[in-house]
Each structure stands twice: as C-alpha cells, then as structure tokens.
Amino acid sequence: MANLVIVRHGESQANRDNIFTGWTDVPLTDKGIQQGVAVGKELEQLGIQFSDVNTSYMSRAIKTADIILEEIDQLYIPVHKTWRLNERHYGALSGRNKDEVKAEVGAEQLHRWRRGYTEFPPELKERQHDRRYDRLGIKMPLSESLEMTQERLLPFWEDQVAPRLLDGKDQLIVAHGSSLRALIKYLDNISDDEIDKVEVPNGKPIWYQFDEHLNVIKKTFITMDGE
C-alpha cells in the first residue's frame, strides 16, 4: 500500500486580500506560515515517511513544503519542483479583486470561471515572460481553464508521481487550489459537471491510500486538532 498526501499552500497575501493570483508569485502571510506548521505537526502524528515531495514553481507552495518538511524532520528528502503543478493561469483576471470582478460580470459568470471545468477567464492581451519559464522553453499561458490545467498536470503525475507510488514510495504534493482540484478530479473520477462542487482550502491535507494497482482504497480529510 502506498500513501499520497496533497496539501494546498498556506494562506498567501493574495488569498487574504481576495485577489486572483494564478502564476503571479506572492508571499505567505503569517497565518499561512502557521498553517504550514500545523500541517507538519498533523502529518508528524501520522508517521508517514515520505520518499519525495512534489511542488510548483510558486514560492507560496515551495515555502509551505519546506515548513512541513521541517516539522516532520524530513528536510533531506528529494524536492521535485515543476511548473505543471502551478496554479491555473487566471489570464486578465490576475491581480484583480474577486469582489470587483463579481460586481462587473455577475456571480454566475464568476463561478463558471472559477469552478467550471472548460471555461477559462479572459485572456491576457500579451504573453508574459518570466525567467523561470523562459529557461525551460515554456510559453506562459494567456489564460487557463481547469481542463487545461489538468492536461498539463497529468504528464507529471503519470511519468513521475504514479511510478513512485507503484514502487511503494510515499509521496507528498504541496500545490494550489486549482491544480489540486484537477488532480482530485482525476483520482476520484469526478464528472465535468460535478467538479464545481470541489473546494480545496488552504492548509488542509488530504490523504490517499492506494493498493498495489494504484486504485484508491481510502481517502481521508485530515483536520487539525480542535477543528
């Protein structure tokens, strides 16, 4: 049996301020740092010895992963960083306040952009450039739907994470709300119409246990003491 724990990063400044972030790099808040510490203390109680941690190219996820590893005394394990675990790109909504966008387009349209599977927010007029992606030869998206996020995430799952799990190597993934929703959709076989009901809060681990064929045999929502 293999274990996978997935965690959304701790609260970022954009989360606190209700801002669309996407591929924009923003730091954790003090609350976000404490959420990472709390996740680490909870995982320490589970006693899982991870073989690897997988995270995105965004500092809010990387730092959360580091905090968790320090708490569970596993800073020595390999850390695999990939753009494929990045948050979805919110296009022209990036940097905008969610309430202001809601007032402009209405709650229904905003919900489809944020929680739907195939709809994507308005595209940027010009493609952005960032050294971390330019060096990989990757063109930054103009906007992404959840479906597009899943399409670029699954190759990393299939080529990197799944083989390790099949070898019995427990894995930790620290990523983002949308990239984790895309993974959950795949693991739980959730329909396109039902994925809008799935929410992944900051700093709330989800523990998957798999059989030798990588079928999910148990899924546990880990809550902190007192919650």
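In this predicted model, the loop between helix 3 and strand 3 (79-81) is home to Asp73. Although Asp73 is not a glycine, its phi is positive, at about 60 degrees. With a relative accessibility of 61%, Asp73 counts as exposed, because the cut-off for that class is over 50%. A second residue invites the same kind of look: Leu214, which is not a glycine either, has a positive phi of about 70 degrees. Leu214 is placed in the loop between strand 5 (206-210) and strand 6 (216-221). As background for both cases, most residues other than glycine have a negative phi.

Aromatic side chains come next. Seven aromatic pairs are counted in the model. For one of them, Tyr57 with Tyr133, the ring centres are 5.8 Å apart and the planes meet at 25 degrees, so this pair is stacked; the limit for stacking is planes under 30 degrees apart. Tyr57 sits in the loop between strand 2 (52-55) and helix 3 (59-71), whereas Tyr133 belongs to helix 6 (residues 131-134), and the pair therefore ties together parts that lie 76 residues apart in sequence. Both Tyr57 and Tyr133 are buried. These two tyrosines also join Trp23 and Trp83 in one aromatic cluster.

Lysines are found over aromatic rings as well. Lys98 lies over the face of Phe20, 5.5 Å from the ring centre. In the case of Lys185, the ring is that of Tyr117, and the distance to the ring centre is 4.3 Å.

Lys98 leads on to the packing of two helices, as this lysine is also one of the helix 4 residues in contact with helix 5. Helix 4 (residues 98-105) and helix 5 (residues 107-115) pack with their axes 7 Å apart and at an angle of about 125 degrees. Helix 4 is therefore oblique to helix 5, because an angle of this kind falls between the range for roughly perpendicular, 65 to 115 degrees, and that for roughly antiparallel, over 145. On the helix 4 side, the contact is made by Lys98, Val101, Lys102 and Val105; helix 5 contributes Ala107, Gln109, Leu110, Trp113 and Arg114. By character, the residues of this contact divide into five nonpolar, three charged and one polar. Lys98 thus appears twice in this account, in the contact between helix 4 and helix 5 and over the face of Phe20.

Definitions and conventions:
Residues are numbered from 1 along each chain as its sequence is written. This is a predicted model: local features need pLDDT of at least 70, side-chain atom pairs count only at pLDDT 80 or more; totals for chains, interfaces and linings use all residues. Side-chain values use heavy atoms; hydrogens and water are left out. Axes are lines fitted to C-alpha atoms, for helices over the stretch in contact, and angles run from 0 to 180 degrees between N-to-C directions. Angles under 35 degrees count as roughly parallel, over 145 as roughly antiparallel, 65 to 115 as roughly perpendicular and the rest as oblique. Contact means heavy atoms within 4.5 Å. Ala, Val, Leu, Ile, Met, Phe, Trp, Tyr, Cys and Pro count as nonpolar, Asp, Glu, Lys and Arg as charged, and the others, Gly among them, as polar. Rings of Phe, Tyr and Trp (its six-membered ring) pair if their centres lie within 6.5 Å; planes under 30 degrees apart count as stacked, over 60 as edge-to-face and the rest as tilted. Buried means under 20% relative accessible area, exposed over 50%, partly exposed in between (1.4 Å probe, protein chains only). A charge sits over a ring if NZ of Lys or CZ of Arg is within 6 Å of the ring centre and within 35 degrees of the ring normal.
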